[in-house]
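Biologist: Could you take me through this model one question at a time, giving the reasoning before each answer?

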Amino acid sequence: MRHVIVIGAGIVGTSAAHRLSSAGAKVTIIDRDEPGNGTTSRSFAWVNANQKTPRAYFELNFAGMKEHDALDQELGSAPWLHRTGNLAWSGDALKYDELRRRVERLQAWGYRAEWKNATEVNAELEPRLAFSGATMRIAWFPDESWLDGPLFVRSMLDRAVELGASVRSGQEVADITPSSDEVTVTLSDGQTLTADAVLNCAGPGADKIAKMVGRTLPLDPTRGLLMRVQVEPGTISRLIHSTDVNIRPDGEDHVLVHHDSIDPLIGERDEIPLDNEYCRELCRRARRILPDITGRAITETRVGIRPYPVDHISCIGAVPGIPGYYEAVTHSGVTLGPLLGRLITEEILTGKVDPLLKPFRAERFA
Ligand SMILES: Cc1cc2nc3c(=O)[nH]c(=O)nc-3n(C[C@H](O)[C@H](O)[C@H](O)COP(=O)(O)OP(=O)(O)OC[C@H]3O[C@@H](n4cnc5c(N)ncnc54)[C@H](O)[C@@H]3O)c2cc1C
């Protein structure tokens, strides 16, 4: 039986651990923190292939969406997946033109994308959204969803453990020594573990793990601010991407608010107080489309670090010259986790590399 050590219990690592265990491998999952407490719980968690280019990256993400559906079918339920669809619009002429071209491109690529007007959206989908005019055109992507990351991680870990996997949380990997017949992993308390293979799913910490095997994995980590706001139940039911703010449900009586334009302003900070100017700005923007939202109802802020490889596409697979060492490091990991977990399992256990992964090989970083 192959023994595989998975470093990192986020969505990518736990997806892989579940698949490896199902395939009969002995699995040890190591995380320096509580499982799921990395980027996976600090993500907008939109399952989509909406703005993904080039074509190969779109196809990977589109396959990632379908893998979520397949997992749901296989397990009989997926309570972590909220199939709400996504509404997107822009009052800014340039951005609207970009959206119009995007919808055309996605339709040509076989992705469901439709147009509705504001009156139809209010009547059929979101009665409480405020638009600047009744004829405003809104793009509707019915197959997109959002995911409860912590619930997904707990569920995959539980399944892996039922299949025999062991979990070591609160233990940091300090060193890795690969050799031709086994890999030795040293934890920060000095304990050592040996296995046939080690899989680096350490998210934004993956470059430090790579360094331990003498490899440079160039990352471009960027921080993002997410704000939870308490609302009346039913305020919105879907993902919303408007001109300058993104909102989605986050449980019964909360929404999660984010926008890319705020992220660069938070710099290197890992914590943002609730009364911070950026939270107030996100609230102002959210209130323009959902008048019920108020700054007094902000209950939590979270800062997440995107584990972008430096070229912003996924970095997956074995690395020539480093026996028994594999990587699965990516942004869009919420969309891609289950798919990458299955494909990296196949590669580790059989050596087969799925054609979808060819443009995203780890070996492109020498
Ligand atoms: C603001 C923001 C918005 C996002 N929005 C989306 C979105 O809408 N859709 C989407 O698909 N993706 C989105 N992403 C990206 C997505 O969240 C990530 O790609 C995904 O969560 C990465 O998961 P992971 O399992 O690779 O990493 P993580 O969840 O970070 O897990 C890595 C784990 O490794 C552990 N670890 C690290 N170093 C060590 C070590 N030395 N020893 C032991 N353990 C270690 C950490 O503790 C952590 O638990 C967003 C990210 C951010 C920040």
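Biologist: What end-to-end distance should the 13 residues of helix H7 span, and what is found?
Modeller: This is a predicted model, in which local features need pLDDT of at least 70, side-chain atom pairs count only at pLDDT 80 or more, and totals for chains, interfaces and linings use all residues. Residues are numbered from 1 along each chain as its sequence is written. Helices (H or I, at least four residues) and strands (E, at least two) are DSSP runs, numbered from the N terminus, and the expected span of a helix is 1.5 Å times one less than its number of residues. For H7 (residues 277-289) this gives 18 Å, which agrees with end C-alpha atoms that are 19 Å apart.

Biologist: Where on H7 do its buried residues lie?
Modeller: A residue is buried if 20 or more other C-beta atoms lie within 10 Å of its own, with C-beta atoms placed from the backbone, and in H7 these residues are Cys279, Leu282, Cys283, Arg285, Ala286 and Ile289. Seen down the axis, the directions from the helix axis to their C-beta atoms fall within an arc of 165°, so they line one face of the helix.

Biologist: Which strands do the buried residues of H7 pack against?
Modeller: Two residues are in contact if their C-beta atoms, placed from the backbone, lie within 7 Å. The buried residues of H7 pack against strands S14 (222-230), S16 (246-249), S17 (254-258) and S18 (298-306).

Biologist: Which residues are closest to the ligand?
Modeller: The shell holds 40 residues, each with its C-beta atom, placed from the backbone, within 6 Å of the ligand. The closest are Gly10, Gly38, Gly203, Gly224 and Gly333.

Biologist: Which helices and strands each supply at least two residues of that shell?
Modeller: S14 and S18, which the buried residues of H7 also pack against, are among them. The full list is helix H1 (11-22), strand S2 (26-31), S14, S18 and H8.

Definitions and conventions
Buried ≥ 20, exposed ≤ 12 C-beta atoms within 10 Å, placed from the backbone.
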